[in-house]
Amino acid sequence: MIVLLTGDDQHAIQEQLNQYKAEIDSQWLTLCYHRFPADHLDRAISVARTCSLTGGKKLVIVENCHLKQWGDTELSTLQQLVQVPEFTILVFVATNVDKRLKIYKHFVKYAKLFEFSLIPPWRTDLIEKAISTQAKKIKLVLSKNAVEYLAEAIGNDMTRAATELRKLYIYGNGRQLELAEVKELVPCQTQSSLQLASAIRQGESNQVLHLLDDLLSRSEPLMVIVATLLTQFRTWLWVKSAIVSGIKKDSELAQLCNISNPNRIYYLRQEVANTSINALAKAVTMVLDLEMSIKRGADSGAVASHRASSKDLLLIILSVSRLFKLT
């Protein structure tokens with residue numbers, strides 16, 4: 001079996017890898033469990049092609065594959081995928097892939113594609129559901145208020161959610177935990193990219209600096225911050241444009257702006273009520289340019305590029321914030 005796991009939900013991807021690993025006989029892990037970086041593709045394919053010495057399953061994982069780093073040589077190597085035995089689980093892991101690439105089109109002839117995307121930070125209903133599901137898996141009993149608080153405190157960071165829930169399980173020792181106890185044990189990381197977007201829209205430069213500093217100090221990936229800002233500002237622009245054009249019904253606004261939860265329109269109306277449509281349009285353009293700049297830096301892989309991207313992030317976000325301070 002050949003699998004391509006892609007997406008920004010690293011916790012879900014790791015859970016999937018753990019499931020594959022659990023299929024390997026634990027006493028033969030040394031012989032049947034292998035991990036390789038993307039630049040060792042030749043070796044990984046060679047190991048995957050050989051049958052397991054134990055007669056059971058073998059797991060071979062190739063990490064950090066974004067496919068762009070591979071050229072014609074690697075494409076030639078991947079022709080050998082057809083020779084991978086049935087009982088070998090060959091897994092390629094990528095944060096994101098460009099589906100237009102020739103090498104991707106070759107991949108999907110042989111590999112099953114599984115995409116794992118983080119829950120959008122504003123979908124608190126889905127975050128609450130995910131936390132409840134994880135809690136049930138480990139037999140942790142939480143009150144409804146406690147689950148709602150955890151969704152707010154943790155956000156869409158499912159890796160942190162798993163850690164915090166295990167801690168609560170040990171503390172609870174089988175009994176239901178209430179809101180007050182959970183608050184004492186799980187700190188609320190209120191500084192989120194969504195709050196950063198709100199501070200920018202309100203032109204609160206000091207708050208913008210504080211929130212951005214907190215996000216970077218927690219090693220929040222630049223692309224995650226910028227992607228969230230871009231999504232939020234695009235949504236505000238779509239809603240504002242629709243309102244200006246005369247659309248009044250929430251259901252029509254939600255459909256036109258591709259918003260799955262119509263109840264969210266009420267809050268979006270309030271958020272854009274006193275916001276300039278021109279400022280929103282300029283903000284989207286500036287954040288989109290920033291995203292492209294950071295992607296180019298990521299492709300180069302240089303530390304200096306990362307530092308430059310961080311500086312660009314600060315300067316452009318402050319410039320965007322000033323757009324709204326003037327309106």
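Student: Let's start in the sheet. In S3, which residue is the bridge partner of Pro37?

Tutor: Keep in mind that we're looking at a predicted model. Pro37 falls in strand S2, residues 33-37, and S2 pairs with S3 in the parallel sense over 5 bridges. S3 itself covers residues 58-63. In S3, the bridge partner of Pro37 is Glu63.

Student: And how does the chain get from S2 to S3: is the β-α-β crossover right-handed or left-handed?

Tutor: The route from S2 to S3 passes through helix H3, residues 41-49. The two strands it links are paired in the parallel sense. Viewed with the strands pointing away, a path that runs clockwise is what counts here, and this crossover is right-handed.

Student: On the S4 side, which residue stands opposite Lys58?

Tutor: S3 also pairs with strand S4, residues 88-94, in the parallel sense over 5 bridges. S3, helix H4 (residues 72-77) and S4 make up a right-handed β-α-β unit. Opposite Lys58, in S4, stands Thr88.

Student: How many of the 6 residues of S3 are buried?

Tutor: S3 has S2 as a parallel partner and S4 as another parallel partner. The strand is mostly covered. To count as buried, a residue needs under 20% relative accessible area. In S3 the number of buried residues is 5.

Student: Past the end of S3 there's Asn64. What is its phi, roughly?

Tutor: Asn64 sits in the loop between S3 and H4, and it counts as exposed because its relative accessibility is 62%. Most residues other than glycine have a negative phi. Asn64 is not a glycine, yet its phi is positive, at about 55°.

Student: Which other residue, in the loop between H6 and H7, has a positive phi without being glycine?

Tutor: The residue in question has a phi near 60°. It counts as exposed, with 64% relative accessibility. Found in the loop between H6 and H7, it is Lys139.

Student: Which helices do the buried residues of H7 pack against?

Tutor: H7 runs over residues 144-154, and its buried residues include Val147, Tyr149, Leu150 and Ile154. Just after the helix, Gly155 takes a positive phi of about 70°. The buried residues of H7 pack against H6 (124-137), H8 (158-172) and H9 (179-185).

Student: Let's try some charges. How far apart are the closest N and O atoms of Lys99 and Glu115?

Tutor: These two form a salt bridge, one of 8 in the structure. Lys99 is in the loop between S4 and helix H5 (102-110) and Glu115 is in strand S5 (residues 112-115), so the pair ties together parts 16 residues apart in sequence. Lys99 is partly exposed at 39% relative accessibility. The closest N and O atoms are 3.2 Å apart.

Student: Asp250 and Arg269 also meet in a salt bridge. How many residues apart in sequence are the parts that they tie together?

Tutor: Their N to O distance is 3.0 Å. Asp250 is partly exposed, with a relative accessible area of 31%, and Arg269 is partly exposed at 25%. Asp250 belongs to helix H13 (residues 250-256) and Arg269 to helix H14 (residues 264-272), so the parts they tie together are separated in sequence by 19 residues.

Student: In the Glu164 and Lys167 salt bridge, is Glu164 buried or exposed?

Tutor: The two side chains meet at 2.8 Å, N to O. They are 3 residues apart in helix H8, which means about one helical turn between them. Lys167, at 34% relative accessibility, is partly exposed. Glu164 has 9%, so it counts as buried.

Student: Which residues touch Glu291, leaving out those up to four places away in sequence?

Tutor: Glu291 lies in helix H15, residues 277-300, and it is buried, with a relative accessible area of 11%. One neighbor is Ala227 of helix H12 (residues 222-244), 64 residues away in sequence but 7.3 Å away C-alpha to C-alpha. The residues that touch Glu291 are Met223, Val226, Ala227 and Leu230.

Student: Last one: which residues make the nonpolar surface patch?

Tutor: The patch covers about 340 Å². One member sits in the loop between H1 (10-22) and H2 (29-32) and counts as partly exposed at 36% relative accessibility. The patch is made by Trp28, Leu31 and Leu53.

How values were computed. Residues are numbered from 1 along each chain as its sequence is written. This is a predicted model: local features need pLDDT of at least 70, side-chain atom pairs count only at pLDDT 80 or more; totals for chains, interfaces and linings use all residues. Side-chain values use heavy atoms; hydrogens and water are left out. Patches are made of residues with over 30% relative accessible area and no salt bridge: like charges are joined within 9 Å, nonpolar side chains (Val, Leu, Ile, Met, Phe, Trp, Tyr) within 5 Å. Accessible areas come from the Shrake-Rupley method with a 1.4 Å probe; for residues, only the protein chains shown count as cover. A salt bridge is a side-chain nitrogen of Lys or Arg within 4 Å of a carboxyl oxygen of Asp or Glu. Helices (H or I, at least four residues) and strands (E, at least two) are DSSP runs, numbered from the N terminus. Buried means under 20% relative accessible area, exposed over 50%, partly exposed in between (1.4 Å probe, protein chains only). Two strands pair if DSSP finds at least two bridges between them. Contact means heavy atoms within 4.5 Å.
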